[in-house]
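Thank you all for coming. I would like to take a few minutes to go through one structure, and I will try to keep to what can be read from its coordinates.

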There are 2 protein chains.
Amino acid sequence: MDFETTVFEKEYIELGGRREAIVRGGRHLFDRLPHALAGVGQIGVIGWGPQGSAQAQNLRDSLNGTVKVAVGLRSGSRSFEAARAAGFREEDGTLGEMFEVIAASDMVLLLISDAAQTDLHEKIFATLRPGTTLGLSHGFLLGYLADRNETFPAEVDVVGVCPKGMGASVRALYLQGAEVNGAGINASFAVHQDVTGHAVDRALAWSVALGAPYTFQTTLRSEYLSDLTGERAILAAGVHGVVESLFRRYRENGMRDEEAFRLSAESVTGPISKIISRDGLRGLYERLSEDDRSVFAQAYAAAYPVGLELTHEIYDEVESGNEIRSVVLAGKRLGRFPMGKIDQSTMWQVGQKVRGNRAESEIPLSPFTAGIYCGVLMAQVDTFLAKGHPYSEIANESVIEAVDSLNPYMHARGIAYLVDNCSTTARLGARKWASRFDYLLTQLAYPAMDQGAAAIDLAPFTAFEDHVIHDILRVCAEMRPPVDIFVE
Amino acid sequence: MDFETTVFEKEYIELGGRREAIVRGGRHLFDRLPHALAGVGQIGVIGWGPQGSAQAQNLRDSLNGTVKVAVGLRSGSRSFEAARAAGFREEDGTLGEMFEVIAASDMVLLLISDAAQTDLHEKIFATLRPGTTLGLSHGFLLGYLADRNETFPAEVDVVGVCPKGMGASVRALYLQGAEVNGAGINASFAVHQDVTGHAVDRALAWSVALGAPYTFQTTLRSEYLSDLTGERAILAAGVHGVVESLFRRYRENGMRDEEAFRLSAESVTGPISKIISRDGLRGLYERLSEDDRSVFAQAYAAAYPVGLELTHEIYDEVESGNEIRSVVLAGKRLGRFPMGKIDQSTMWQVGQKVRGNRAESEIPLSPFTAGIYCGVLMAQVDTFLAKGHPYSEIANESVIEAVDSLNPYMHARGIAYLVDNCSTTARLGARKWASRFDYLLTQLAYPAMDQGAAAIDLAPFTAFEDHVIHDILRVCAEMRPPVDIFVE
């Protein structure tokens with residue numbers, strides 16, 4: 001994989017012995033955006049969900065009037081009010097009915113929900129003018145079309161720019177980037193169809209305008225396979241199942257509720273994530289005392305096989321099209337069976353109390369919790385490696401998105417809150433798979449731990465020590481702006 | 001649906017206001033079997049799993065030499081030894097290599113695993129002689145073929161006889177039937193293709209020879225939809241998830257481990273199942289004191305919506321083909337990731353101890369546990385009703401198979417034992433869905449219970465009181481032989 005850009009500086013980085021072409025971002029590049037977007041009179045951002053609202057505002061602010069950014073919504077949508085509050089207006093043509101905005105735009109960023117994309121894609125495709133650049137932030141629609149043996153219209157560009165973080169992070173870090181040049185969420189980009197010959201530069205301009213510190217290349221198919229798998233594994237479902245199982249285990253071992261919560265959920269979303277973010281996975285391990293390292297190694301080795309089995313299952317389900325069909329079927333049931341919230345169970349009620357009395361410095365770094373979490377996380381890394389994903393995608397979709405975007409949100413508001421408030425596709429996936437991680441850890445990993453060190457094959461941990469991920473994360477960390485996301 | 005038989009007595013029964021044609025079984029009918037099997041010189045039973053071994057022996061014993069019963073196994077299979085121990089012999093042609101047995105049989109009962117059926121079906125189809133009657137005990141293969149737009153060979157009969165109980169029960173109750181005429185496991189039958197004109201009588205003869213107290217009619221498609229859904233819902237995964245969630249809840253409420261186990265798992269597989277088996281679901285309710293009835297009603301009403309949502313999801317996944325594809329994909333992973341056992345977790349370790357010291361008469365009939373279990377069970381009944389399944393199929397696949405076959409086995413050996421030892425398809429399903437029942441009950445039903453009576457809409461329980469299932473179960477109970485399964 002490689003690409004050519006005449007506007008931005010392509011740079012080769014060396015990740016774990018492989019070369020990848022990337023583009024670094026930053027505010028100093030914003031004056032190149034009009035050139036990269038030559039021929040684009042209007043960018044239509046369709047939808048006002050977390051990604052739509054964040055991206056529309058970032059694009060408008062970065063382009064600063066050089067290219068018009070218009071928001072398109074379903075007629076009658078309740079989001080008109082919110083878009084107006086953010087400064088988009090019917091009067092100046094920066095806000096309107098979605099199909100009118102699509103017809104009037106040279107670049108159409110389709111950021112409506114997956115369900116809306118599958119429902120409306122025929123009409124949307126029919127509305128795109130030849131030569132339009134259709135942009136996606138997620139390859140779901142490609143997976144849906146592929147499963148039905150359908151394709152995108154032949155006469156348009158199809159590109160993806162996929163921020164490796166939730167919409168709220170895309171906006172929050174961009175705003176923090178006003179003070180610290182380059183703060184933002186990394187993004188992958190993919191050129192699926194290029195009829196204009198400008199698809200690469202348009203996609204890169206989009207990514208730079210969002211504030212991505214660096215943009216790496218992938219394919220739309222590779223993107224949706226890793227994205228859907230990632231949110232069903234360590235990014236959301238996995239971390240949810242891991243902490244539920246740990247919380248229960250700590251209570252079974254006699255801990256009080258608050259203490260069990262601190263050692264499980266708080267430890268993951270707090271110190272464990274912060275240390276990984278700055279010092280990588282090996283940095284986390286090296287932070288531990290000698291005794292704690294041995295606990296970490298055993299917990300890691302016990303959890304890794306469980307994570308590997310489940311992440312392979314999830315990947316198979318995504319790749320076969322089962323998971324996409326499942327999301328579509330679930331969408332049809334939601335009217336009758338709306339998704340309930342998960343935050344009423346004992347654990348999350350305890351969590352609310354714990355967060356209310358939180359002293360950040362007193363949150364323990366549990367070596368057991370760290371080992372279990374990292375074992376499940378590394379199982380995802382190895383699944384993606386086995387399936388041939390680009391190293392940047394693996395690092396971002398398994399580690400960086402977790403510790404720099406999602407976990408900090410979970411830390412501020414609770415894991416249950418994040419699961420209850422993410423996209424429908426992610427939320428369905430989290431509800432479907434979290435309990436699987438919980439059960440398999442409880443059935444296999446913890447009983448092995450209780451049988452003592454001899455019952456655990458340490459090979460997975462040995463492989464961890466010299467794993468290629470450490471070099472990949474080291475290089476990624478060098479490109480990371482020196483600012484943490486701030487979440488209220 | 002209806003059928004014609006010249007050999008057995010077709011009888012119409014009135015179930016919940018609907019008429020269904022059935023055939024009652026019994027040992028007094030065994031002398032009619034040769035007539036019903038006219039033209040069949042040999043029945044080949046392919047496979048020595050739980051169904052294969054049970055059915056081969058029941059058929060041989062019932063036919064008593066009038067029609068040859070031969071067992072066919074993969075060459076080199078370790079099951080040759082077990083088949084020999086049960087009296088099948090290469091020397092007299094009652095035991096042999098599977099394709100040789102298939103080629104030599106006029107009726108081929110394909111009782112190998114689902115994975116083997118999907119792997120080998122092309123060669124098997126090519127080996128069947130025109131005019132052979134192909135028999136299945138489960139519609140999985142039809143679902144698999146339908147998903148691939150394939151069909152059975154046109155020149156053979158295709159029939160299903162599907163005992164509504166596990167293989168071990170099919171044999172155990174048949175043996176008990178030597179003392180009590182008609183003891184056995186009910187079966188459904190389906191004629192999918194009839195090229196010989198004898199398909200109905202051959203299928204009925206098969207069912208009668210297995211010892212089915214009564215045989216009701218369905219289609220192969222209706223069978224696999226209800227069978228796969230049932231084992232993923234209340235029959236295996238559902239009951240597993242229900243008792244895991246209850247055990248945790250009782251412990252959280254301060255109960256000791258043994259007490260929590262008795263009130264959850266023991267109560268379901270013991271008194272609750274026994275009472276339903278003899279007196280139906282309303283009989284269970286009426287057994288309760290006034291106060292307990294109110295607890296039952298609330299628990300039922302809180303659990304039912306959770307059960308309904310999940311059972312609809314499972315049904316959609318089965319009907320769409322997702323679940324079958326998922327089983328096939330999982331089969332390909334099993335070499336690398338063998339299924340772990342679930343019986344090492346705390347709950348099942350406690351269970352082992354409790355069963356060891358069990359005093360049957362001291363197992364409590366918990367109204368809370370009964371309400372939760374019945375709510376989830378009735379959600380399956382209502383899902384099948386909504387999907388238009390025959391009443392006999394609904395009653396057998398949701399209630400009778402549970403309380404007369406599976407739950408007694410679970411009671412003797414543990415729910416975890418049953419899940420760890422059922423068919424690969426059922427085991428995969430139980431592992432996939434049990435935790436979903438657990439999580440949704442914990443997230444939605446129990447918090448509602450804790451908020452008090454006002455938080456619960458009693459409508460589901462009101463619908464239960466006059467539900468059509470009670471009349472269906474009453475009629476089915478009249479046909480039930482007066483013998484309980486005995487499990488060591």
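I will speak about a pocket, then a helix, and then a set of salt bridges.

Please keep in mind throughout that this is a predicted model.

Let me begin with the second largest pocket, whose volume comes to about 1,400 Å³. Its lining is made up of 49 residues, and the ones that lie nearest the centre are P50(A), Q51(A), C422(A), S423(A) and T424(A). If we sort the lining by residue class, we find 23 nonpolar residues, 17 polar ones and nine that are charged. Which element gives the most to this lining? That is helix α16 of chain A, residues 391–413, which supplies six residues. As for where the pocket sits, both domain 1 (10–212) and domain 2 (228–477) of chain A give residues to the lining, and the pocket therefore lies between them.

Now let me turn to chain B and to helix α8, which runs over residues 199–210. This helix has twelve residues and reaches 17 Å from its first C-alpha to its last, which is close to the 16 Å expected at 1.5 Å a residue. Is α8(B) mostly covered or mostly uncovered? It is mostly covered, in that twelve of its twelve residues are buried; among them are the charged-name pair you may want to find on the screen, D201(B) and R202(B), as well as W206(B). Just after α8(B) comes G211(B), which takes a positive phi of about 100 degrees.

That brings me to the salt bridges, of which the structure holds 70 over all chains. One of them is formed by D438(A) and R248(A), with the closest N and O atoms 2.6 Å apart. D438(A) belongs to helix α18 (residues 424–450) of chain A and R248(A) to helix α10 (residues 234–252) of chain A, so this pair ties together parts that are 190 residues apart in sequence. D438(A) is buried, its relative accessible area being 0%, and R248(A), at 14% relative accessibility, also counts as buried.

Helix α18 of chain A takes part in another such contact, since a salt bridge joins the side chains of K432(A) and E323(A) at 3.2 Å, N to O. Here again distant parts of the chain are linked, with K432(A) in helix α18 and E323(A) in helix α13 (residues 322–333) of chain A, 109 residues apart. K432(A) is buried, with a relative accessible area of 8%, and E323(A) is buried as well, with a value of 2%.

Against these I would set a pair from chain B, D279(B) and R287(B), which form a salt bridge with their closest N and O atoms 3.1 Å apart. Are these two residues buried or partly exposed? D279(B) is partly exposed, with a relative accessible area of 41%, and R287(B) is likewise partly exposed, at 48%. There is also a network, in which salt bridges that share partners join E313(A), D316(A), K387(A), R436(A) and R333(B).

Finally, a word on D382(A), which lies in helix α15 (residues 367–386) of chain A. At 18% relative accessibility, D382(A) counts as buried, the cut-off being under 20%. Its C-alpha atom is separated by 32 Å from that of D194(A), a residue 188 positions away along the chain.

Conventions
Residues numbered from 1 in each chain as written. Chains lettered and ligands numbered in written order. Predicted model: local features only at pLDDT ≥ 70, side-chain atom pairs only at ≥ 80, totals over all residues. Heavy atoms only, no water. 1 Å grid on protein atoms, 1.4 Å probe; cavity = no way out; pocket = protein on both sides within 12 Å on 5 of 7 lines; lining within 4 Å. Points joined across faces, edges and corners; volume = space filled by probe spheres on them. Helix = DSSP H or I, 4+ residues; strand = E, 2+ residues; numbered from the N terminus. Nonpolar A, V, L, I, M, F, W, Y, C, P; charged D, E, K, R; others polar. Domains from an automatic or database assignment. Expected span 1.5 Å × (residues − 1). Buried < 20%, exposed > 50% of the residue type's maximum accessible area, 1.4 Å probe, protein only. Salt bridge = Lys/Arg side-chain N within 4 Å of Asp/Glu carboxyl O.
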